[in-house]
Amino acid sequence: MTIKKNIEDFQSRLGACKLIAVSKTHPVEKIKEAYEAGQRDFGENKVQELVSKQEVLPKDIQWHLIGHLQSNKVKYIAHFITLIHSVDSLKLLQEIDKQGRKNNRVISCLLQVYIANEETKFGLSEEEVLSILNSAELAALQNVRIIGLMGMATLTENEDQIRNEFGTLRGLFQKIKTNKLPANVEMIELSIGMSSDYTVAKEMGSTMVRVGSSIFGNR
Ligand SMILES: *Cc1c(COP(=O)(O)O)cnc(C)c1O
């Protein structure tokens, strides 16, 4: 009952910004509750958990991988994944392309950019993003499509800091938009915002927020 209400509250508050319900660590029963409330986009951060949930849940769910992805695990998700938010190397893109080709699909990806003031978070620097986007290797890939950027702000109470970090990412997003881009790149999605900072993220132009604990409770 409360999951249903949380989903409805978020969907009405977010408007055009898409809600990715982050269901990591939560059982399939809870995902079904959210599904029954009309939620179709779900995010997981571990490949094994994602695959085992995908196998037993309705096939019209759109699955998002939001956690670090190792190249050797791409093959397990390539046949169904909707969007990989956490791409952090050209090598990974090349493997996603290879697995996309095997499955006769074009797999949508976001480049994860490091914006936080914390050492634990993954992601590319601005220079690395630009170097990937300008590379001949990327332009040659026919089974991946880069549709935007993802970032995580520092876990802090300081809203100005969060706004600055999201602002940096939005600045990069807008700068890239004005560049000449290869055919398989289009800057559409800005995946920023979690339970603690989604209101700031929405203000800063988020097109998709990834919300877990505020919907499903603490992990
Ligand atoms: C867990 C996670 C989220 C959701 O975090 P909450 O604080 O539970 O909303 C969002 N993004 C990523 C990358 C995550 O790993």
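**Figure 1. E165, a buried residue in a helix.** In this predicted model, E165 has a relative accessible area of 7%, under the 20% cut-off, so E165 counts as buried. To find E165, follow helix α8, which covers residues 159-178. Now look at what the side chain of E165 meets: one of its polar atoms lies 2.6 Å from the backbone nitrogen of T154. This view therefore brings together a buried residue, the helix that holds E165 and a contact with the backbone of T154.

**Figure 2. The ligand and the residues around it.** Which residues surround the ligand? Start with V22, K24, I66, M152, M194 and S195, which are among them. R210, V211, G212, S213 and R219 also belong to the surroundings of the ligand. If you sort this shell by residue type, you get five nonpolar, three polar and three charged residues. You can try the sorting yourself with the names above.

**Figure 3. Polar contacts of the ligand.** Three residues are worth picking out here: K24, S195 and S213. The side chain of K24 places an N or O atom 2.7 Å from an oxygen atom of the ligand. In the side chain of S195, an N or O atom is 2.5 Å from a ligand oxygen. With S213 the partner is a polar backbone atom, and its distance to an oxygen atom of the ligand is 2.8 Å. How much of the ligand does the protein bury? On its own the ligand exposes 390 Å², and the protein buries 91% of that.

**Figure 4. A closer look at S195.** Where does S195 sit? Look in the loop between β7 (185-191) and α9 (198-203). Is S195 buried or exposed? Its relative accessible area is 18%, and buried means under 20%, so S195 is buried. Besides its contact with the ligand, the side chain of S195 makes a polar contact of 3.3 Å with the side chain of S213. A polar atom of the S195 side chain also lies 3.1 Å from the backbone nitrogen of S214.

**Figure 5. F42 and W63, an aromatic pair.** How many aromatic pairs does the model contain? The count comes to two. In the pair shown here, the ring centres of F42 and W63 are 6.0 Å apart and the ring planes meet at 40°, so the pair is tilted. The two residues come from distant parts of the chain, 21 residues apart: F42 belongs to strand β2 (residues 41-44) and W63 to strand β3 (residues 62-65). Both rings belong to buried residues.

**Figure 6. Arginines over aromatic rings.** Here are two views of a charged residue over the face of a ring. R13 lies over the face of F10, 4.8 Å from the ring centre. R40 lies over the face of Y35, and here the distance to the ring centre is 3.6 Å.

**Figure 7. T25 and H26 in a loop.** T25 is found in the loop between β1 and α2, and H26 is in the loop between β1 (18-22) and α2 (28-36). T25 is exposed, because its relative accessibility is 52% and the cut-off is over 50%. H26, at 5% relative accessibility, counts as buried. The backbone of T25 deserves a look too: its phi is positive, about 70°, although T25 is not a glycine. Most residues other than glycine have a negative phi. For a longer view, find S206: its C-alpha atom is 25 Å from that of H26, and the two residues are 180 residues apart along the chain.

**Figure 8. N104, a residue with a positive phi.** N104 has a phi near 55°, a positive value in a residue other than glycine. Look for N104 in the loop between α5 (90-102) and β5 (107-113). Is N104 buried or exposed? With 71% relative accessibility, N104 counts as exposed.

**Figure 9. L130 and K73, each with a partner along the chain.** L130 is part of helix α6 (residues 126-133) and is buried, with a relative accessible area of 17%. From L130 to N179 the C-alpha distance is 9.9 Å, across 49 residues of sequence. K73 lies in the loop between β3 and α4 (74-77). At 33% relative accessibility, K73 counts as partly exposed. The C-alpha atoms of K73 and Q48 are separated by 8.8 Å, with the residues 25 apart along the chain.

Note on methods:
Residues numbered from 1 in each chain as written. Predicted model: local features only at pLDDT ≥ 70, side-chain atom pairs only at ≥ 80, totals over all residues. Heavy atoms only, no water. Near = heavy atom within 4 Å. Polar contact = N/O pair within 3.5 Å; in protein donor to acceptor, adjacent residues only side chain to side chain. Areas by Shrake-Rupley, 256 points an atom, 1.4 Å probe, with all protein chains shown as cover. Nonpolar A, V, L, I, M, F, W, Y, C, P; charged D, E, K, R; others polar. Phe/Tyr/Trp six-rings, centres within 6.5 Å; stacked < 30°, edge-to-face > 60°. Helix = DSSP H or I, 4+ residues; strand = E, 2+ residues; numbered from the N terminus. Buried < 20%, exposed > 50% of the residue type's maximum accessible area, 1.4 Å probe, protein only. Lys NZ or Arg CZ within 6 Å of the ring centre and 35° of its normal.
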